[in-house]
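Open the model in your viewer and keep the selection panel at hand. The stops below say what to select and what to find there.

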Amino acid sequence: MTEDNRKRGFRTTLSHIGRITKNEHGFVNPPLLRGSTVLVPTVAERLKMSARRGEQVLTYGTGGSSTHWALEDAMAAIEGGTRCYIVSTGLAAITTPLLAWLHAGDHLLMPDHVYGPARSFASGLLRQYGVETTYYPPEVDEAGMAALMRPNTKVVFTESPGSHTFEVQDVPAIARAAHAGGAKVMMDNTWGIHHFQPFTHGVDISIQAATKYPAGHSDVLIGAITVNDPDDWMVLHNAGRALGQYASPDDCWLTLRGIRTLAVRLQAQMESALQIAHWLRQQPEVAQVLHPALPGAPGHELWRRDFTGACSLFGVEFKPSFTPAATHRFVESLALFGIGASWGGYESLAIPTTGFITRTAGTGKFAGPVVRIHIGLEDVDDLIADLRQGLGQMRAFEA
Ligand SMILES: *Cc1c(COP(=O)(O)O)cnc(C)c1O
């Protein structure tokens, strides 16, 4: 990311980043380049290319092309880092750096609320390769993290807030303890997208499921891994290439198109989600709304200290008198909210969390059932009317 981008506003940056001016034939947008083999005029030229490892030079399709690099530059700017590696999915953006930095015999610390497939990867493949994982309470403080560190702890993973139960982590405190013990700090920053600047809060490797808000239209799977240090870049780059990690140029191109409107979509969706979260909090069926940007909600103080905004994903805990089945009725009765995983698209979603998440460190216990809500770009009044009738159906089911 250039100094100019650091000084400019988010919307300006998104309008101008990742537009490589040469070879565009005058078009505003970078062309979509597809290809595997790259032909060169001489053998000497080929040898010269191979020596420039980690640079943005065309060598072969898997090394990316200007389509990939445009998106990588844009994502690095969004995250406030220097270099970004684009991979096939958000999950691959988690597994690739874990494989890059962990060796057999190492110890990994993961928050108990971590994204489910990341937990499965740690408990499955990483274990198979001789890496031990401890799941820690996400709300751990610096002393608590220091106590969890072992001599062989090489990575401390964070996800803030947790994407199902929305605990906000004290990332700077966790990072201080991790760095004191010689570990790298990785963060799944999908929720915080741009509103949490990972590298000013002690994170070394930031992960984006760009499938969510950057792509933004529920039609692309893609992941981004950003670093802020040249040595970290080489470790990441070498692992990504060794694993054959690659994203289709079509998906990069679509994501680059998505990020042009990222700032305005995020702003609109954040405002709608906050309005709806406020409304839900006043409903008699609701015990609490798990939205860190809501004053008084869990994690609000840390959110206010470290974030500059929010996305549009939050949770609702219902009063314990409602059964999980009642919340299923609620979700199924909604006309404008789809039942589905993922988020960050233009459309609203609702999905029960209770019964779908694994915890082993004794955290994430709620007295009542929890539903996760994603607010899209629809009109707020329509969404509230839909939620109102859904709550009515839920009450009728329970009575
Ligand atoms: C969706 C998601 C991912 C994975 O992204 P995919 O592109 O679906 O693989 C990772 N982390 C979080 C927090 C997510 O919500």
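In which loop is the place of Pro161? Select Pro161 in this predicted model: the residue belongs to the loop between β4 (153–159) and α8 (171–180). Now add Ser160 to the selection and look at the bond between the two residues. Ser160 and Pro161 are joined by a cis peptide bond, with omega at about -10°.

Next, select His194. This residue is in the loop between β5 (184–188) and β6 (205–208). Check its backbone: His194 is not a glycine, yet its phi is positive, at about 65°.

**The ligand**

Select the ligand and then the residues around it. There are 13 of them, and those that come nearest are Gly90, Leu91, Asp188, Thr211 and Lys212. By class, the shell around the ligand holds 6 nonpolar, 4 polar and 3 charged residues. Colour helix α5, residues 90–101: with 3 residues, this helix gives the most to the shell.

Then draw distances to the oxygen atoms of the ligand. Start with the backbone of Gly90, where an N or O atom lies 2.8 Å from a ligand oxygen. For Leu91, a backbone N or O atom is 2.9 Å from an oxygen atom of the ligand. At Lys212 the contact comes from the side chain, with a polar atom 2.6 Å from a ligand oxygen. How much of the ligand's accessible area does the protein cover? On its own the ligand has 380 Å² of accessible area, and the protein covers 91% of that.

**The largest pocket**

Keep the ligand displayed and turn on a surface. The ligand sits in the largest pocket, which holds about 600 Å³ of space. Select the lining next: it has 34 residues, and Tyr115, Gly116, Pro117, Ser163 and His164 lie nearest the centre of the pocket. Among the elements to colour here are α5, α6 (116–128) and β10 (349–352), each of which supplies at least two residues of the lining. The pocket lining divides by class into 16 nonpolar, 11 polar and 7 charged residues.

**The cavity**

Hide the ligand and look for enclosed space. How many cavities of 30 Å³ or more are there? The count is 1, and about 30 Å³ of space lies in the largest cavity. To find it, select Leu313, Gly340, Ser342, Trp343, Leu349, Ala350, Ile351, Arg372, Ile373 and His374, which line this cavity. Two elements, β10 and β11 (370–374), give two or more residues to its lining. By class, the cavity lining consists of 6 nonpolar, 3 polar and 1 charged.

End the tour on β10. Colour this strand with both linings displayed: β10 supplies at least two residues to the lining of the largest pocket, and β10 also gives two or more to the lining of the largest cavity.

Technical notes. Residues numbered from 1 in each chain as written. Predicted model: local features only at pLDDT ≥ 70, side-chain atom pairs only at ≥ 80, totals over all residues. Heavy atoms only, no water. Near = heavy atom within 4 Å. Polar contact = N/O pair within 3.5 Å; in protein donor to acceptor, adjacent residues only side chain to side chain. Areas by Shrake-Rupley, 256 points an atom, 1.4 Å probe, with all protein chains shown as cover. 1 Å grid on protein atoms, 1.4 Å probe; cavity = no way out; pocket = protein on both sides within 12 Å on 5 of 7 lines; lining within 4 Å. Sits in = over half its atoms within 2 Å of the grid points. Helix = DSSP H or I, 4+ residues; strand = E, 2+ residues; numbered from the N terminus. Nonpolar A, V, L, I, M, F, W, Y, C, P; charged D, E, K, R; others polar. Points joined across faces, edges and corners; volume = space filled by probe spheres on them.
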